[in-house]
Amino acid sequence: MIRNTLLAAIAFIASLLIASAQDAPKPPNPLETPSPKGARAYIIGLKDGKTVKGSVTIRFGLKGMGVCPAGTYLPDTGHHHLLVNMDVSELESKMPIPSIEGKCLHYGKGQTQVTLDLPKGKHTLQLAFANFAHILHKPAVVSKKITITVE
């Protein structure tokens, strides 16, 4: 009796898992993941032209979309990349954003801030928000580029 009840419970749970997997959104072509109208990325609290001493915390802002880990597809979501002393125009629109040490930093676990020890001098910072496959959405969701000086 207990065995039959246990088997019935397992079968029921398996049917639920199969049904939920069938209802999960299917990823689109990663080269054509749309971004919602008005979606934008921005850097929170760090103003263009600011001078900082020591480590700098960069908080990632996002409007009109949600953050989720790389490799996970949900509509209108993605993850952040931080471009340091680099411009989004240097990225290939149909290729995954490359990982370039010190220049193109990935936050594929869904992170929304980072503290960096940048060398002294002027630096530009820009956010690029990418889809589940590290490819920019269409249209691209990027922040305004800001310049900071580290003393």
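Which strand holds Gln-126? Gln-126 lies in strand β8, which covers residues 121-130. The model is predicted, and local features are taken only where pLDDT is at least 70.

## Overall layout

The protein chain has one helix and ten strands. The helix comes at the N-terminal end of the order, and the strands follow: α-β-β-β-β-β-β-β-β-β-β. The chain has 151 residues, and 34% of them are buried. Its accessible surface comes to about 9,000 Å². Carbon and sulfur atoms account for 58% of that surface. Contacts reach far along the sequence. Take the contacts between residues at least 6 apart: 71% of them join residues at least 24 apart.

## Gln-126 and its surroundings

Gln-126 is buried, because its relative accessible area is 6%, and the cut-off for buried is under 20%. Its side chain reaches the backbone nitrogen of Val-88 at 3.2 Å. Val-88 is also on the contact list of Gln-126, which leaves aside neighbours within four places in sequence. That list includes His-81, Leu-82 and Leu-83, then Met-86 and Asp-87. Ile-43 is on it too. So is a run further along the chain: Val-142, Ser-143, Lys-144 and Lys-145.

Leu-83 has a second link to Gln-126: the two residues stand opposite each other, with Gln-126 in β8. This belongs to the pairing of β5 with β8, which is antiparallel and has six bridges.

## Strand β5 and its partners

How many of the residues of β5 are buried? Eight of the eight are, so β5 is largely enclosed by the rest of the structure. Its pairings go to several strands. With β8 the sense is antiparallel, over six bridges. With β6 the sense is again antiparallel, over four bridges. Here His-81 stands opposite His-106 in β6. With β4 the strands run parallel, joined by two bridges. In that pairing, Val-67 has Gly-78 of β5 as its bridge partner.

The table lists strand pairings with one residue pair for each.

| Strands | Sense | Bridges | Residue pair |
|---|---|---|---|
| β4 and β5 | parallel | two | Val-67 and Gly-78 |
| β5 and β8 | antiparallel | six | Leu-83 and Gln-126 |
| β5 and β6 | antiparallel | four | His-81 and His-106 |
| β1 and β3 | antiparallel | five | Ile-44 and Arg-59 |
| β3 and β7 | antiparallel | four | Val-56 and Leu-116 |

## The three-stranded sheet

Which strands make up the open sheet of three? The order is β1-β3-β7, and the pairing is antiparallel. The edge strands are β1 and β7, each of which pairs on one side only. The twist averages 25° from one strand to the next.

Strand β1 covers residues 40-44 and is joined to β3 by five bridges. Strand β7 covers residues 113-116 and is joined to β3 by four bridges. Arg-59 appears in both pairings. It stands opposite Ile-44, and it also stands opposite Gln-113 in β7. Val-56 has Leu-116 of β7 as its bridge partner.

In a regular strand, side chains alternate between the two faces of the sheet.

## Aromatic pairs

A pair of aromatic rings is described by the distance of the centres and the angle of the planes. How many aromatic pairs are there? The count comes to two.

Phe-60 and Tyr-107 form a tilted pair. Their centres are 5.1 Å apart, with 55° between the planes. Phe-60 lies in β3 (residues 56-63) and Tyr-107 in β6 (residues 104-107), so the pair ties together parts that are 47 residues apart in sequence. Both residues, Phe-60 and Tyr-107, are buried.

Tyr-73 and Phe-132 form the edge-to-face pair, because their planes stand at 75° and the cut-off is over 60 degrees. Their ring centres are 5.5 Å apart. Tyr-73 lies in the loop between β4 (66-67) and β5 (77-84), while Phe-132 lies in the loop between β8 and β9 (136-142), so this pair ties together parts that are 59 residues apart in sequence. Phe-132 has 16% relative accessibility and therefore counts as buried.

Technical notes. Residues numbered from 1 in each chain as written. Predicted model: local features only at pLDDT ≥ 70, side-chain atom pairs only at ≥ 80, totals over all residues. Heavy atoms only, no water. Buried < 20%, exposed > 50% of the residue type's maximum accessible area, 1.4 Å probe, protein only. Polar contact = N/O pair within 3.5 Å; in protein donor to acceptor, adjacent residues only side chain to side chain. Contact = heavy atoms within 4.5 Å. Phe/Tyr/Trp six-rings, centres within 6.5 Å; stacked < 30°, edge-to-face > 60°. Pairing = 2+ DSSP bridges. Axes fitted to C-alpha atoms, helices over the stretch in contact; angles between N-to-C directions. Areas by Shrake-Rupley, 256 points an atom, 1.4 Å probe, with all protein chains shown as cover.
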